[in-house]
Amino acid sequence: MTQIDTSILIRRGRREDAANLAKLHVDVWRATYSALAPVEAKTLLDEARRLPYWEGALALQEPGMGVWVAVDADEAIRGVISFDASGHPAFEGRREIKHLYVALNAQGQGIGQRLLQTTISECSAASACGVALAVVRQNALARQFYKKMGGVEIGGFTDPGPLWRSDNIVVAWDND
């Protein structure tokens, strides 16, 4: 059973978080996909490449879109989730969770659960028909987590890149 760390605060991401989010993104992505992604993808994904994404995502201020971060008492970022409208047909009009990352030394503390629940609740309140995300098919731990969180695998697609052609599963949470 997951022990939830109640000292972690979930708050909206701020523009000044961008560099820290780019670092968290790269660190967790490289660790997660070290055995799955091609070497070139791991080399090309760096903080400079991710920074513009986080700067743009943090600028979103509309209900049902944006960034939530999990911070500890020292304001260190322990996790992040970003979500937006999706233009991909596999998401069938749902909001898309673009990224969900928890710092390697903070995993298993309920942070991912809290970030996901916060996003689902916000999107529901914003009248989105649900939320969905794409997860690499071989990422068994993430798929297990999403299933535990009530996600349903509804389809799949091949992501063309830009770093790597990956086989993805779409996991959805629909509003009741």
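Start by selecting β1 (9-12) and β2 (66-71): these two strands pair in the antiparallel sense over four bridges. Strands here are DSSP runs of E with at least two residues, helices are runs of H or I with at least four, and both are numbered from the N terminus; two strands pair if DSSP finds at least two bridges between them. You're looking at a predicted model, so local features need pLDDT of at least 70 and side-chain atom pairs count only at pLDDT 80 or more, while totals for chains, interfaces and linings use all residues. Residues are numbered from 1 along each chain as its sequence is written, and side-chain values use heavy atoms, with hydrogens and water left out.

**Stop 1: strand β2**

Stay on the β1-β2 pair and pick Arg12, which stands opposite Trp68 in β2. Now colour β2 by burial (buried means under 20% relative accessible area, exposed over 50%, partly exposed in between, with a 1.4 Å probe and protein chains only). Six of the six residues in β2 come up buried. In a regular strand the side chains alternate between the two faces of the sheet. Turn on the side chains to see it: Gly66, Trp68 and Ala70 point one way, Val67, Val69 and Val71 the other.

Next, add β3 (residues 77-85). β2 and β3 pair in the antiparallel sense over six bridges, and Val67 has Ser82 as its bridge partner in β3. The two strands form a hairpin with five residues between them. Click on Glu75 in that turn: its phi is positive, about 70 degrees. Keep Glu75 in mind, as it comes back at Stop 4.

**Stop 2: the whole sheet**

Now show all the strands of this sheet. It is an open sheet of seven, in the order β1-β2-β3-β4-β5-β7-β6, with mixed pairing. At the edges are β1 and β6 (152-159), each pairing on one side only. Look along the sheet for the twist: neighbouring strands are turned by 25 degrees against each other on average, direction ignored. (Axes are lines fitted to C-alpha atoms, for helices over the stretch in contact, and angles run from 0 to 180 degrees between N-to-C directions.)

Select β3 and β4 (residues 95-102) together; they run antiparallel and are joined by seven bridges. Gly79 stands opposite Val102 in β4.

Then bring in the helices. Helix α1 (residues 18-32) packs on the sheet, touching β2, β3 and β4, and its direction makes about 80 degrees with that of β4. Contact means heavy atoms within 4.5 Å. Helix α5 (residues 140-148) lies across β4, β5 (130-136), β6 and β7 (166-174), running at about 160 degrees to β5.

**Stop 3: Arg95**

Zoom in on Arg95 in strand β4. What is the nearest side chain of opposite charge to this buried arginine? Asp84, at 6.1 Å, and Arg95 has no salt bridge. A salt bridge here takes a side-chain nitrogen of Lys or Arg within 4 Å of a carboxyl oxygen of Asp or Glu; Lys and Arg count as positive, Asp and Glu as negative, and His and the chain ends are not counted. Draw a distance instead from the Arg95 side chain to the backbone oxygen of Gly64: one of its polar atoms lies 2.8 Å away. Leaving aside neighbours within four places in sequence, the contacts of Arg95 include Pro63, Met65, Cys123 and Val131.

**Stop 4: the salt bridges**

Side chains of opposite charge can pair when their charged atoms come close. The model has 10 salt bridges by the rule above. Here are three to select:

- Arg11 and Glu75 meet at 2.9 Å, N to O. They sit 64 residues apart, Arg11 in strand β1 and Glu75 in the loop between β2 and β3. Arg11 counts as buried at 7% relative accessibility, Glu75 as partly exposed at 37%.
- Arg12 and Glu122 meet at 2.5 Å, N to O. Arg12 is in β1 and Glu122 in helix α4 (residues 111-125), so the pair ties together parts that are 110 residues apart in sequence. Arg12 is partly exposed at 26%, whereas Glu122 is buried at 13%.
- Glu153 and Arg143 have their closest N and O atoms 2.8 Å apart. Glu153 belongs to strand β6 and Arg143 to helix α5, so this pair ties together parts 10 residues apart in sequence. Glu153 is partly exposed at 41%, and Arg143 is partly exposed at 21%.

For a last selection, take Arg11, Arg14, Asp17 and Glu75: salt bridges that share partners join them into one network.

How values were computed
Polar contact = N/O pair within 3.5 Å; in protein donor to acceptor, adjacent residues only side chain to side chain.
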